[in-house]
Amino acid sequence: MNSSEFLGMLIAALVTVGGFAALLFKCFKPISDLNMNIVRLTDAIDQLNQNYEKHERRLNSHSHEIDEMSRLLSKHSQELGRHDERIKALEGRE
C-alpha cells in the first residue's frame, strides 16, 4: 500500500466518521430540544397550578364574605319589616 492509497482511505474514513457524527447530532438534537420544551411546559403548568390555587383561595374567601353579607342582608330586611309594621301601627293610633 502506497501513500496515496493510505491517504485516500484516511480521507474516506474521516468522511465516514464525520457523517456518523452528523447523523448522531441530527438524531439527538431533536430529542434535546424536546426535553427542553418539556421542561418549559412543566414549569408553565406548575405556574398555572399555583395561580389556580391562589385564585381558588381568593374565591373561597369571597364566597364566605358573600354568605356573611347575605345573612346580614336577610337580618336587616327582617328588622326593616318589623320597623315598617311598628310605624304603621303608630300611624294608625293617631
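Ser-4 sits in helix α1, which spans residues 3-93. The model is a predicted one, and its secondary structure consists of one helix and zero strands. With a radius of gyration of 40 Å, against the 12 Å that the globule rule gives for 94 residues, the protein is well over that value and so more spread out than a compact globule. Along the principal axes, the C-alpha atoms fill a box of roughly 135 × 15 × 10 Å.

Ser-4 also gives a sense of distance along the chain. From Ser-4 to Met-36 there are 32 residues in sequence, and the two C-alpha atoms are 47 Å apart in space. On a local scale, the side chain of Ser-4 makes a polar contact with the side chain of Asn-2, at 3.0 Å.

The surface comes next. Buried residues account for 0% of the 94 residues in the protein, where buried means under 20% relative accessible area. The accessible surface comes to about 8,900 Å², and carbon and sulfur atoms contribute 63% of it.

Charge is carried by 12 positive and 14 negative side chains. The centres of these two sets lie 3 Å apart. Among the charged side chains, the count of salt bridges comes to two.

One salt bridge joins Asp-33 to Lys-29, with 3.3 Å between the closest N and O atoms. Both residues belong to helix α1 and are four residues apart, about one turn of the helix. Asp-33 has a relative accessibility of 33% and therefore counts as partly exposed. Lys-29, at 38% relative accessible area, is partly exposed because its value falls between the limits of 20% for buried and 50% for exposed.

Glu-68 and Arg-71 form another salt bridge, their closest N and O atoms being 2.5 Å apart. Here the two residues are separated by about one helical turn, because they are three residues apart in helix α1. Glu-68 counts as partly exposed because its relative accessibility is 37%. Arg-71 has a relative accessible area of 47%, so Arg-71 is partly exposed as well.

Taken together, the description is of one helix and zero strands, with the C-alpha atoms in a box of roughly 135 × 15 × 10 Å and buried residues at 0%. The two salt bridges link residues of helix α1: Asp-33 with Lys-29, and Glu-68 with Arg-71.

Technical notes
Residues are numbered from 1 along each chain as its sequence is written. This is a predicted model: local features need pLDDT of at least 70, side-chain atom pairs count only at pLDDT 80 or more; totals for chains, interfaces and linings use all residues. Side-chain values use heavy atoms; hydrogens and water are left out. The radius of gyration is taken over C-alpha atoms; the globule rule is 2.2 Å times the number of residues to the power 0.38. Buried means under 20% relative accessible area, exposed over 50%, partly exposed in between (1.4 Å probe, protein chains only). Accessible areas come from the Shrake-Rupley method with a 1.4 Å probe; for residues, only the protein chains shown count as cover. Lys and Arg count as positive and Asp and Glu as negative; His and the chain ends are not counted. The place of a charge is taken as NZ of Lys, CZ of Arg, CG of Asp or CD of Glu. A polar contact is a pair of N or O atoms within 3.5 Å; within protein, one must be able to donate a hydrogen and the other to accept it, and residues adjacent in sequence count only if both atoms are side-chain atoms. A salt bridge is a side-chain nitrogen of Lys or Arg within 4 Å of a carboxyl oxygen of Asp or Glu.
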